[in-house]
Amino acid sequence: MGIINDTFLLKTETAKKLYGVAKDMPIIDYHCHINPKEIAENRKFENITQVWLGGDHYKWRLMRSNGVSENEITGDADDYTKFLRFAEMLPKAIGNPMYHWCHLELKRYFGYDGVLNGETAKEVYDLCNRKLKQDDMTVRALIEKSNVKMIGTTDDPTDDLKWHKILNEDKTFKTIVCPTFRPDKAVNIDKVGFVDYIKKLSEVSGMEIQDADDVKVALSKRLDYFCENGCRATDHGLDYVVYEPANRFVINDIFKKAMNGVKVTQFEADQYKTALMLFLGERIAEKGIVMQLHYGAQRNANENMFQKLGADTGFDCISVKNCGEALRGFLNALNKTDKLPKTIIYSLNPNDNELIDTVLGCFQGSEVQGKIQHGSAWWFSDTKSGMETQLKSLANLSLFGNFVGMLTDSRSFLSYTRHEYFRRILCNLMGEWVENGEYPNDTKTLETIVKDISYYNAKNYFEI
């Protein structure tokens with residue numbers, strides 16, 4: 001027998017009762033990286049390797065740590081060999097959330113109640129592949145059986161949103177699939193490919209882009225287009241939070257310098273990024289949608305592997321940079337003009353938890369409860385202890401009951417069990433507070449908090 005049972009991670013009677021309320025709540029997965037094309041076409045995966053190991057750099061990192069050759073991770077090795085190498089590694093992942101995630105997925109989607117390792121790999125591989133041939137294991141069926149009410153994908157401003165349009169017009173599929181506006185390539189003036197991207201943005205927006213002011217107009221047009229097609233949020237992947245304001249003439253000169261192939265300084269890049277982010281923040285507020293700020297990642301740390309495999313392949317790590325003053329300055333500048341949108345702030349560095357939670361209280365508003373949010377423990381922090389740390393910091397310094405809860409941030413259609421993982425951790429933490437005598441055993445209030453964090457707060461926040 002495996003470790004996944006009714007009381008998994010639930011240490012107290014109060015926790016068990018609260019999870020009984022949380023477990024059947026619908027899911028709003030407001031930030032992920034799944035492909036809307038696969039939803040529209042209702043993809044059916046041929047085998048468990050495709051759905052589990054294809055694109056999942058969390059798993060790739062662990063396999064590399066076990067000495068598995070790259071050919072058997074991202075290379076040309078056959079699918080069973082890749083799965084076997086992963087299964088052989090998994091028993092060593094004690095204390096890693098991957099161990100829990102995998103066994104949750106195996107039990108919930110495939111009915112497997114054992115333990116995955118090298119000896120059981122063939123049994124599990126065959127079982128999963130048989131199940132994947134069933135009609136109730138298509139992409140749409142997986143989403144529906146997971147009780148997902150809304151999905152927020154991650155999309156470039158130049159995307160035509162073809163697949164979102166198809167899904168919006170398909171009345172047989174009830175889950176809302178929203179595009180999320182991710183303009184990083186237009187903001188990152190210091191990154192490779194900026195000039196070519198601006199040319200693409202010019203073509204898609206139907207206008208000639210000659211200066212930074214034109215970039216703003218083009219992005220504004222694309223944001224309008226996204227909102228016409230159901231966009232409820234933007235997302236901004238920042239290396240670090242920037243706030244170096246400058247006048248438009250300086251910004252236009254920096255832009256022209258970059259477009260002429262001259263390398264801009266880091267200070268100039270920060271000035272340009274600040275101008276673009278302030279403009280976008282104002283437009284987001286006007287649209288009434290949500291701005292998500294993700295920062296604190298050091299990208300592509302292994303240059304050799306970046307050259308070989310490209311970005312988002314498992315070679316990123318946590319960055320250490322003090323962003324407190326810049327974050328305050330950025331939010332304050334938008335707030336001064338009454339153009340601060342609903343905002344969710346995520347840092348990859350857990351050392352920023354308390355900073356973020358104190359910043360929240362400086363800029364809340366009456367538009368919605370919890371207007372400025374501390375996003376759920378993200379990426380390297382979405383471990384059991386990482387989630388507990390984020391939740392405790394939020395409770396200590398802000399208003400816990402208004403939290404918009406969990407997201408998958410995943411490329412896999414089996415990752416919805418991460419919401420179960422989060423809810424079990426949430427209920428266990430609340431149960432400990434109650435049974436320690438730190439909060440009344442008020443069933444009605446406790447159940448309301450659990451339901452709100454699991455579902456209703458996000459439903460209200462994203463206006464579902």
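Is E420 buried or exposed in this structure, and what is its relative accessible area? E420 is buried, with a relative accessible area of 11%. Here buried means under 20% relative accessible area, exposed means over 50%, and partly exposed lies in between, as computed with a 1.4 Å probe on protein chains only.

The structure is a predicted model, in which local features need pLDDT of at least 70 and side-chain atom pairs count only at pLDDT 80 or more, while totals for chains, interfaces and linings use all residues. Residues are numbered from 1 along each chain as its sequence is written, and side-chain values use heavy atoms, with hydrogens and water left out.

## Salt bridges

Side chains of opposite charge can pair when their charged atoms come close. A salt bridge is a side-chain nitrogen of Lys or Arg within 4 Å of a carboxyl oxygen of Asp or Glu. By this rule the model has 30 salt bridges, and the table gives some examples.

| Positive residue | Negative residue | N to O distance |
|---|---|---|
| K44 | D135 | 3.4 Å |
| K59 | D56 | 2.7 Å |
| R108 | E420 | 2.8 Å |

The salt bridge between R108 and E420 links distant parts of the chain: R108 belongs to helix α6 (residues 97-110) and E420 to helix α19 (residues 417-435), 312 residues apart. Helices are DSSP runs of H or I with at least four residues, strands are runs of E with at least two, and both are numbered from the N terminus. Whereas E420 is buried, R108 counts as partly exposed, at 36% relative accessibility.

K44 and D135 also meet in a salt bridge. This pair again links distant parts of the chain, with K44 in the loop between α2 (36-40) and α3 (48-53), and D135 in the loop between α7 (121-132) and α8 (139-145), 91 residues apart. K44 is partly exposed at 35% relative accessibility, and D135 is exposed at 65%. In the pair of K59 and D56, both residues are buried. Elsewhere, a network of salt bridges links D224, R283, E286, K287 and K339.

## Helix α4

Helix α4 (residues 57-65) is mostly covered, since 7 of its 9 residues are buried. These buried residues are H57, Y58, K59, W60, L62, M63 and R64. They pack against α3, α5 (79-89), α6, α15 (303-309) and α19. The N-terminal end of α4 is capped by D56, whose side-chain oxygen lies 3.1 Å from the backbone nitrogen of Y58. After α4 comes G67, which has a positive phi near 80 degrees.

## A buried aspartate

Which side chain of opposite charge is nearest to D357? It is K392, 13 Å away, and D357 is buried yet has no salt bridge. In this count Lys and Arg are positive and Asp and Glu negative, while His and the chain ends are not counted. D357 lies in helix α17 (residues 353-360).

The side chain of D357 does make a polar contact with the side chain of H374, at 2.8 Å. A polar contact is a pair of N or O atoms within 3.5 Å; within protein, one must be able to donate a hydrogen and the other to accept it, and residues adjacent in sequence count only if both atoms are side-chain atoms. In addition, a polar atom of the D357 side chain lies 3.3 Å from the backbone nitrogen of L394. Not counting residues up to four places away in sequence, D357 touches H374, S393, L394, L397 and S398, where contact means heavy atoms within 4.5 Å.

## The core and the start of the chain

A nonpolar core is a set of buried Ala, Val, Leu, Ile, Met, Phe, Trp, Tyr and Cys residues joined through side-chain atoms within 4.5 Å. The largest such core has 153 residues, and those with the most contacts inside it are Y30, I39, I48, W52, F86 and Y272. Helix α14 (residues 266-287) supplies the largest share of this core, 9 residues. Beyond its neighbours within four places in sequence, Y30 is in contact with residues including M150, Q292, Y346 and F462.

I4 is found in the segment before α1 (13-22) and is buried, with a relative accessible area of 3%. The C-alpha atoms of I4 and K107 are separated by 7.5 Å, although the two residues are 103 residues apart along the chain. Leaving aside neighbours within four places in sequence, the contacts of I4 include H100, L104, K107 and R108.

## Cysteines

A disulfide is a pair of cysteine sulfur atoms within 2.5 Å, and the count by this rule is 0 disulfides. Why does C227 form no bond with C231? The sulfur of C231 is the closest cysteine sulfur to that of C227, but at 4.7 Å it is too far for a bond.
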